[in-house]
Amino acid sequence: MFGHRYDGKKVKNMNIIDKAGPFFMPQRIDAVNYINVKVPCATLDKFIADERKEGNRLTYMDVVIATLVRVLYMRPKMNRFIMRGTTYQRKGIYVSLAVKKEFSDDGEEMTLKFPFTGRESIYEVKKIVDDEITKNMQSDSHATTDVAGIFTHLPDWMFRWAMAVVRWCDRHGLLGRVFVKASPFHTSCFLTNLKSIKLKYIYHHLYNFGTTSMFVAMGKEKMEPVVVNNKELTIAKIMNLGISLDERIADGYYMSKTLRLMEDIIANPECLKDSLPDDGTVPTKIKKTKKAKKVKAKKPKKVKEKKEKKPKKIKPLKNKEKADKKAHKSKKQKVLLGNVHDTETK
């Protein structure tokens, strides 16, 4: 009550920048940052195909949700929210998802919220999501619509007044547990799968109502030019994620490491097959799938071709001088020999 919340615990001993940020940017929409994460589909396709051979029918959405759950567990600051200038650490990990019962213009849409511990394997994550969707697909109503239905029957002026009271109670920690549990806006991350309706990714806004600090939009995969190893340009199938983040929950360095971790996990989905230990320890490194080493064929040795000797350049003037010197020498020698011969005969 008045600062103490059912769904979060106050964060204490914060530095001055993190403490002051929510007061400079009081509303969540003031502090939203957007980033695009490109996910190569080749690794995902291989992983999903291998799992289907073993009887596990996984999808892109299963991998994305399992990655988000793992990241929120390993990077706890990303599971914070701001309320009335106070930073709270969320109790539990939740992912909200809008699901359409029927793909038609008049098909009913329901919004579900899935609870996680953060240690689940991808198989456990899929089971939680599938069970909740199946249960609500077969039912005519679910928690969110039941609670919202209480207000929608009111006239507009009373509905406006009732929502003002709900928002005031939420800001002051007086909103009942029933409302918080049913509300999809009180969640760690809101996910929308636009790929399922063949739409490209978007940057979704964050809601000022509730406590959502992260919104992820999955777009339909498409072929894009990609630079490999910073030198080769190729075409690859890419799925884009549009991510909206409340910058007040963590500094830029923390967020950048989180996004790199997310890219590493989603690029190596094999590490999601194992659940994390219950003792709270977190692996320091992501187990990357071992790739088979490519055997490089030995290049044949190049046979050095013998270079042809270049003909010597003829220098007529120098050659003439040399010849003259030789002739002059030989003449001198003849003269000397002649003189010696003459003296001997005398």
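## The open three-stranded sheet

In this predicted model, an open sheet is built from 3 strands in the order β1-β4-β3, with antiparallel pairing. The edges are occupied by β1 (8-10) and β3 (80-83), each of which has a single partner strand, so one side of each lacks a neighbour in the sheet. On average, neighbouring strands of this sheet are turned by 40 degrees against each other, direction ignored.

The pairing of β3 with strand β4 (residues 86-90) is antiparallel and extends over 4 bridges. Within this pairing, Met83 stands opposite Thr86 in β4.

## Strand β8 and its partners

Strand β8 (residues 214-218) has 5 of its 5 residues buried and is therefore largely enclosed by the rest of the structure. In a regular strand, side chains alternate between the two faces of the sheet. In β8, Met214, Val216 and Met218 point one way, while Phe215 and Ala217 point the other way, and all are buried.

Strand β7 (residues 189-193) runs parallel to β8 and is joined to β8 by 4 bridges. Asn193 has Met218 of β8 as its bridge partner. Strand β10 (residues 232-246) runs antiparallel to β8, and 5 bridges join the two. Here Val216 stands opposite Ile243 in β10.

## Nonpolar cores

The largest nonpolar core contains 54 residues, of which Phe116, Leu191, Met214, Met239, Leu241 and Ile243 touch the most other members. Helix α3 (residues 60-74) supplies the largest share of this core, with 12 residues. A second core, separate from this one, has 6 residues, among them Phe151, Val166, Cys169 and Leu175.

Several of these positions recur in the strand pairings: Met214 belongs to the buried set of β8, and Ile243 of β10 is the residue opposite Val216. Which residues does Leu241 touch, leaving aside those up to four places away in sequence? Leu241 touches Val216, Ala217 and Met218, together with Ile35, Asn36, Val37, Val39, Tyr201, Met262 and Ile266.

## Confidence of the model

The chain has a mean pLDDT of 83, and 80% of its residues reach 70 or more. Over residues 287-297, pLDDT stays under 50. For this stretch the model has 6 contacts beyond four places in sequence.

Technical notes
Residues are numbered from 1 along each chain as its sequence is written. Side-chain values use heavy atoms; hydrogens and water are left out. A nonpolar core is a set of buried Ala, Val, Leu, Ile, Met, Phe, Trp, Tyr and Cys residues joined through side-chain atoms within 4.5 Å. Buried means under 20% relative accessible area, exposed over 50%, partly exposed in between (1.4 Å probe, protein chains only). Contact means heavy atoms within 4.5 Å. Two strands pair if DSSP finds at least two bridges between them. Axes are lines fitted to C-alpha atoms, for helices over the stretch in contact, and angles run from 0 to 180 degrees between N-to-C directions. pLDDT is the predictor's confidence in each residue, from 0 to 100.
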